[in-house]
Amino acid sequence: AIARRLQAALGARRAPGDEPYQNMAGNILGAAANGGNDAALEVLRSFKTPDGAATPVDYYRAGDTANLPPSLVGAGLTAQILGPPTDLALVAQMDNHAHQYLTAGSGDADDARPFDPAFDAGPLVWPKLEGDPHWLEPLYDDADIQKHIADNTPDALAAAAQTADNAINNQSLVVLFRFKGKSMLFCGDAQWGNWANFLFGGAIGAGQATLKPESRDILATLDFLKVGHHGSTNATPMDVVDALRTGCAAMCSTDPGAYGNPDKGTEVPRVPLIQALTAKTNQQLARSDQVSVNGHDPTPNLGPLPAVFSAGPDNSQFVDYTL
């Protein structure tokens, strides 16, 4: 309901630069303008049980037991539900700058922005009186005053869209699949609070940044990682990359330029994160924009897919990972 109201309000005002916020509202509704979620949901809805019935839908949170189809259980597949957390305070935690790839260096948080970009306001140019003869003249007329108030008022619609989008992302399922001795971690669009629950068992404070033994063991033996939220800075903490098994394969579904701003260190995918993952995986990071999908050319200069990956036929929407 919130997303529908946001979509209607943003559509009514038709302001320049609102497209990213419209996409956020569409993302929640499963009908994003870029065709991402609606296409994915259509694939999920197309699955059938062996007797032709619609696939049942289950909802999980961390610690729940996964209800897998008997055929997959018989084949040896297991699924461990690691997120989302049950603590709504953790669901609300989107960022922890000390654990994110904020700068081109090692994650130094000195340049972290204290407020969301939606609350930015431009500098105020204060006019100066030219001399005594003008001292009774008003500095601003009514139109000037109204403009300055509008320019310095936070964009409530943009902030609401970002908050709603983030809250949905942080409710992502985090699932560890195991099959024939291989382990694969899928984290959806999980952001900081979801990760904190898995990595540390809850919220952390100063000096409390030691990974749980179980979490460290999972990451240290992982064979495959689905990179979270298209490679955004708050979806893959530095702790994850540090603890990841060297040589683990990874895949990132991404579209450069769709989200974020490189001048503010929020570009997606985040360049320092991608660089760190590429090194940790021994060059076994696959990106969706390395292949041509539905007529969209690959991003230049990325090179071919790593050897453990292969693209589907022309115009397909998948990349295979060979176990």
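Is Tyr 321 buried, partly exposed or exposed in this predicted model? With a relative accessible area of 22%, Tyr 321 is partly exposed, where buried means under 20% relative accessible area, exposed means over 50%, and partly exposed lies in between (1.4 Å probe, protein chains only).

The model is a predicted one, in which local features need pLDDT of at least 70 and side-chain atom pairs count only at pLDDT 80 or more, while totals for chains, interfaces and linings use all residues. Residues are numbered from 1 along each chain as its sequence is written, and side-chain values use heavy atoms, with hydrogens and water left out.

## Overall make-up

The chain has 11 helices and eight strands, these being DSSP runs numbered from the N terminus (helices H or I with at least four residues, strands E with at least two). Of the 323 residues in the chain, 35% are buried. Among the contacts with a separation of 6 or more, 59% are accounted for by residues 24 or more positions apart, a contact being heavy atoms within 4.5 Å.

## Aromatic rings

A pair of aromatic rings is described by the distance of the centres and the angle of the planes. Here, rings of Phe, Tyr and Trp (its six-membered ring) pair if their centres lie within 6.5 Å, and planes under 30 degrees apart count as stacked, over 60 as edge-to-face and the rest as tilted. The structure holds six aromatic pairs. One of them joins Trp 192 and Phe 200, whose ring centres are 6.1 Å apart and whose planes stand at 45°, so this pair is tilted. Trp 192 is buried at 2% relative accessibility, and Phe 200 is buried as well, with a relative accessible area of 12%.

The rings of Phe 224 and Tyr 321 have their centres 4.9 Å apart and their planes at 25°, so the pair is stacked. This pair links distant parts of the chain, since Phe 224 belongs to strand S4 (residues 224–226) and Tyr 321 to strand S8 (residues 319–321), 97 residues apart. Phe 224 is buried, with a relative accessible area of 5%, whereas Tyr 321 is partly exposed at 22%. Both residues are part of one aromatic cluster, formed by Phe 177, Phe 186, Phe 224, Phe 309 and Tyr 321.

## Helix packing

The axes of helix H1 (residues 2–13) and helix H7 (residues 156–169) come within 10 Å and cross at roughly 150°; such axes are lines fitted to C-alpha atoms, for helices over the stretch in contact, and the angles run from 0 to 180 degrees between N-to-C directions. H1 and H7 are therefore roughly antiparallel to each other, given that angles under 35 degrees count as roughly parallel, over 145 as roughly antiparallel, 65 to 115 as roughly perpendicular and the rest as oblique. On the H1 side the contact is made by Ile 2, Leu 6, Ala 9, Leu 10 and Arg 13, and on the H7 side by Leu 157, Ala 160, Ala 161 and Ala 164.

In helix H11 (residues 271–280), the buried residues are Pro 272, Leu 273, Ile 274, Leu 277 and Lys 280. What covers these buried residues of H11 includes S4, helix H10 (238–243) and strand S6 (285–287).

## Backbone features in loops

Two cis peptide bonds precede prolines that lie in loops: one runs from Gly 83 to Pro 84, with omega near 10°, and another joins Val 268 and Pro 269, with omega about 0°. Pro 84 is placed in the loop between strand S1 (78–83) and helix H5 (88–91), and Pro 269 in the loop between strand S5 (249–252) and H11.

Positive phi values in residues other than glycine are found at His 230 and at Asn 282, the latter just after H11.

| Residue | Phi | Relative accessible area | Loop |
|---|---|---|---|
| His 230 | near 65° | 26%, partly exposed | between S4 and H10 |
| Asn 282 | near 55° | 45%, partly exposed | between H11 and S6 |

## Cysteines

The structure holds zero disulfides, a disulfide being a pair of cysteine sulfur atoms within 2.5 Å. Cys 187 is in no disulfide, and the nearest cysteine sulfur, that of Cys 252, is 9.7 Å away. Cys 187 is buried, with a relative accessible area of 1%, and Cys 248 is buried with a value of 0%.
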